[in-house]
Amino acid sequence: MRFAGKVAVVTGSGRKGGLGESIARRLSEEGAKLVISDIGGSRDAATPDAMIGGTAEMQDIAASLPTQASTFACDVRDPAQVAALADHAITTHGSLDIWVNNAGIGYIMKPLGEVSPDDWRAVIDVNLTGAWFGLQAAAERMIKQGRGGRIVNIASQAAKSGFPHAQAYTASKHGLVGLVRSASIELGPEGITVNNVCPNHVTTGLGKWQNEHFAELQGISVEEYLKRMAGRIPMGRPGLPQDTASAVAFLCSDEAAYITGESMNVSGGEEPH
Ligand SMILES: NC(=O)c1ccc[n+]([C@@H]2O[C@H](COP(=O)([O-])OP(=O)(O)OC[C@H]3O[C@@H](n4cnc5c(N)ncnc54)[C@H](O)[C@@H]3O)[C@@H](O)[C@H]2O)c1
C-alpha cells in the first residue's frame with residue numbers, strides 16, 4: 001500500500017485496455033484515491049470516437065477500482081480544463097500528490113510530405129503542450145500544499161529514437177525529455193520529482209492501430225510484423241500495460257525520491273539509450 005493517503009490524477013485513463021487504465025489501477029491497488037480523466041467524447045476531426053475514451057468507459061473504469069475514484073472529463077489541450085481537473089482532485093479527494101500525463105495521440109501517421117499543419121499541431125497539442133499544461137497545473141498546487149509530489153509523463157521509445165511516418169509524434173515525445181530536464185531543476189527544491197516513462201511497443205488499442213499501420217507499410221501481415229518486432233527485443237516480447245504501470249508506480253513511490261529529470265526506458269532492452 002505504497003500510496004495510501006495519496007491522491008492521483010491520470011489523464012487519458014478512460015479508454016479500456018489502455019496504459020492509463022493500467023496505471024490508474026496499479027496506483028489504486030496500492031492505496032491511492034484516483035481521478036480517472038479523459039476527453040470523454042469527440043471534439044473535432046483530430047479526436048475520432050473510435051480512438052478516444054468516452055464518458056461511459058471512464059465511469060466503468062472508475063467504478064472498477066478498489067479505492068475511492070471519481071471521473072472528470074478534460075481535454076488536455078485546454079489549460080482551463082486542466083486547471084479545473086487539478087482543482088477537482090483536491091476538492092473531491094482532499095489533495096493532489098501524483099499527476100500522470102498519459103493522454104496522447106499516436107494515430108495521425110503519414111509520410112512526411114502528406115503531413116498538414118493541422119496534423120502536426122494536433123499531435124503536438126495533445127502529447128507535448130497537454131503534458132506541459134498538466135505539469136504546470138499540478139506543480140502549482142503541489143507547491144501550495146507543501147508536501148512534495150510526483151509528476152510522470154508517459155513518453156515513448158519515440159522520445160529516444162525516430163520512427164517513419166511519425167515526425168510529429170517523435171518530436172512531441174522527444175520534447176518531453178527536455179521538459180522534465182528543465183522542470184526538475186525548478187521543482188527539486190519543492191520535493192517534487194518529474195520524470196518520463198518511455199515504453200516501447202505495447203499492444204493497447206493505439207498499439208493495435210500502429211501494428212496494422214506499420215505492417216501495411218512494410219507489406220507484411222500483422223502476425224509477421226509482431227514476430228519481427230519480438231525478434232528485435234532482448235526480452236522476446238512486446239511490452240505489457242503492467243510493465244509501464246510498474247515503472248510509473250516505482251517513480252511515484254518513496255523509493256524514487258532521489259530520481260528526477262529522467263526518461264526511463266521500459267522496452268525489454270530494445271532501446272539502449
Ligand atoms: N501503446 C503503445 O505502444 C505506446 C508506447 C509508448 C508510449 N505510448 C503512450 O502511452 C500513452 C497512452 O497510450 P495508449 O497506448 O494507452 O493509447 P490509448 O489511445 O488507449 O490512450 C490514450 C488516451 O488519451 C486520450 N486522449 C486523446 N486526446 C486527448 C485529449 N485531447 N484530452 C484528453 N485525453 C485525450 C484518449 O481518449 C485515450 O484514452 C500515450 O501518451 C502514448 O503516446 C503508447
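Between domain 1 and domain 2, 3 residue pairs are in polar contact, both residues at pLDDT 80 or more. A polar contact is a pair of N or O atoms within 3.5 Å; within protein, one must be able to donate a hydrogen and the other to accept it, and residues adjacent in sequence count only if both atoms are side-chain atoms. On the side of domain 1 that touches domain 2 there are 6 nonpolar, 5 polar and 2 charged residues. Here Ala, Val, Leu, Ile, Met, Phe, Trp, Tyr, Cys and Pro count as nonpolar, Asp, Glu, Lys and Arg as charged, and the others, Gly among them, as polar.

The model is predicted: local features need pLDDT of at least 70, side-chain atom pairs count only at pLDDT 80 or more, and totals for chains, interfaces and linings use all residues. Residues are numbered from 1 along each chain as its sequence is written, and side-chain values use heavy atoms, with hydrogens and water left out.

Domain 1 covers 7–200 + 240–266 and domain 2 covers 203–238, with bounds from an automatic or database domain assignment. Taken over C-alpha atoms, their centres are 24 Å apart. Contact (heavy atoms within 4.5 Å) links 13 residues of domain 1 with 11 residues of domain 2.

About 1,100 Å² is buried between the two domains, 64% of it from carbon and sulfur atoms. Buried area is the accessible area (1.4 Å probe) that two parts lose on being put together, summed over both. In domain 1, Met 109, His 165 and Asn 200 lose the most area to domain 2, together 33% of what that side buries.

The model also holds a ligand with 29 residues around it, of which Arg 15, Leu 19, Asp 38, Tyr 169 and Thr 204 come nearest; a residue is near if one of its heavy atoms lies within 4 Å. This shell has 15 nonpolar, 9 polar and 5 charged residues. Oxygen atoms of the ligand lie 2.7 Å from a polar backbone atom of Gly 53 and 3.0 Å from a polar side-chain atom of Lys 173.
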